[in-house]
Amino acid sequence: MFPVAENMANVGIMINKKYKLKSGKTIRDIFLDVLENNSKVKEVLNGAKPIDKIKGAPLPLGTLPGPRIANGIVLVGYAAAFINPVTGGGIYFAILSAMKATEVLLSALNKENTSA
């Protein structure tokens, strides 16, 4: 959870894909179940309600095979699977990878060579 306004927060949960498939529930159902039945989450959110559509996205929790670059392309952040495997967070890794990518890309542009 992280605040986005005085009375609003972005809330996410991490679940194992096998659990989701085995449960037969939707991401929305699982999320609402956690909001309603997890005492710690319930205490922190204190009756909060979703204000937007509940969405889910798979996040790789570890290194994915394959390169993060190709001719003219550099992936950063979630797109490059740079995610904290403990928390699922990625803002730090997104910023750090974007900064590093910028250095490499500026050098590539100065050399007029954007090949991998």
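Here a biologist and a modeller talk through a predicted model.

Biologist: Let's start at the beginning of the chain. How do you know that β1 and β2 are paired strands?

Modeller: Pairing calls for at least two bridges. Strand β1, residues 2-5, and strand β2, residues 8-10, are joined by 3 bridges, so they meet that requirement. The two strands run antiparallel, and A5 stands opposite M8 in β2.

Biologist: What joins β1 to β2?

Modeller: A hairpin does, through 2 residues. E6 is found in that loop between β1 and β2.

Biologist: What makes E6 count as exposed?

Modeller: The cut-off for exposed is over 50% relative accessible area. E6 has 79% relative accessibility, so E6 counts as exposed. Here is one more detail to look for: E6 and L32 are 26 residues apart in sequence and 22 Å apart in space, C-alpha to C-alpha.

Biologist: Now the backbone angles. What makes A81 worth a look?

Modeller: Most residues other than glycine have a negative phi. A81 is not a glycine, yet its phi is positive, about 65°. You will find A81 in the loop between β4 (73-74) and α4 (91-110).

Biologist: Which other residue has a positive phi without being a glycine?

Modeller: E112 does, with phi near 55°. E112 is found in the segment after α4.

Biologist: Why is A81 called buried, and why is E112 called exposed?

Modeller: Buried means under 20% relative accessible area, and exposed means over 50%. A81 has 9%, so A81 is buried. E112 has 74%, so E112 is exposed.

Biologist: Let's move inside. What makes F31, L35, V41, L45 and I54 a nonpolar core?

Modeller: A nonpolar core needs buried residues of the listed nonpolar kinds, joined through side-chain atoms within 4.5 Å. These 5 residues form the largest such core. Helices α2 (27-37) and α3 (39-45) each supply at least two residues of this core.

Biologist: Which residues does F31 touch, leaving aside those up to four places away in sequence?

Modeller: F31 touches V11, G12, I13 and I54. Contact means heavy atoms within 4.5 Å, so each of these four reaches that limit with F31. I54 is also one of the core residues.

Biologist: How many residues line the largest pocket, and which lie nearest its centre?

Modeller: The lining has 39 residues, and N10, V11, G12, I13 and K55 lie nearest the centre. The elements giving two or more residues to this lining are β1, β2, α1 (17-23) and α2. The volume of this pocket is about 1,600 Å³.

Biologist: How does the lining of the largest pocket divide into nonpolar, polar and charged residues?

Modeller: It divides into 24 nonpolar, 9 polar and 6 charged residues. Glycine counts as polar, so G12, one of the residues nearest the centre, falls in the polar group.

Biologist: And what about the second largest pocket: which element gives the most to its lining?

Modeller: α4 does, with 5 residues. β3 (69-70), β4 and α4 each supply at least two. Altogether 18 residues line this pocket, and I69, I73, V74, V104 and L105 lie nearest its centre. They enclose about 220 Å³ of space, and the lining divides into 12 nonpolar, 5 polar and 1 charged.

Technical notes:
Residues are numbered from 1 along each chain as its sequence is written. This is a predicted model: local features need pLDDT of at least 70, side-chain atom pairs count only at pLDDT 80 or more; totals for chains, interfaces and linings use all residues. Side-chain values use heavy atoms; hydrogens and water are left out. Helices (H or I, at least four residues) and strands (E, at least two) are DSSP runs, numbered from the N terminus. Buried means under 20% relative accessible area, exposed over 50%, partly exposed in between (1.4 Å probe, protein chains only). On a 1 Å grid over the protein atoms alone, a cavity is a set of points where a 1.4 Å probe fits but cannot get out, and a pocket is an open set with protein on both sides within 12 Å along at least five of seven lines; lining residues have an atom within 4 Å of a point. Grid points are joined across faces, edges and corners, and a volume is the space filled by probe spheres set on the points.
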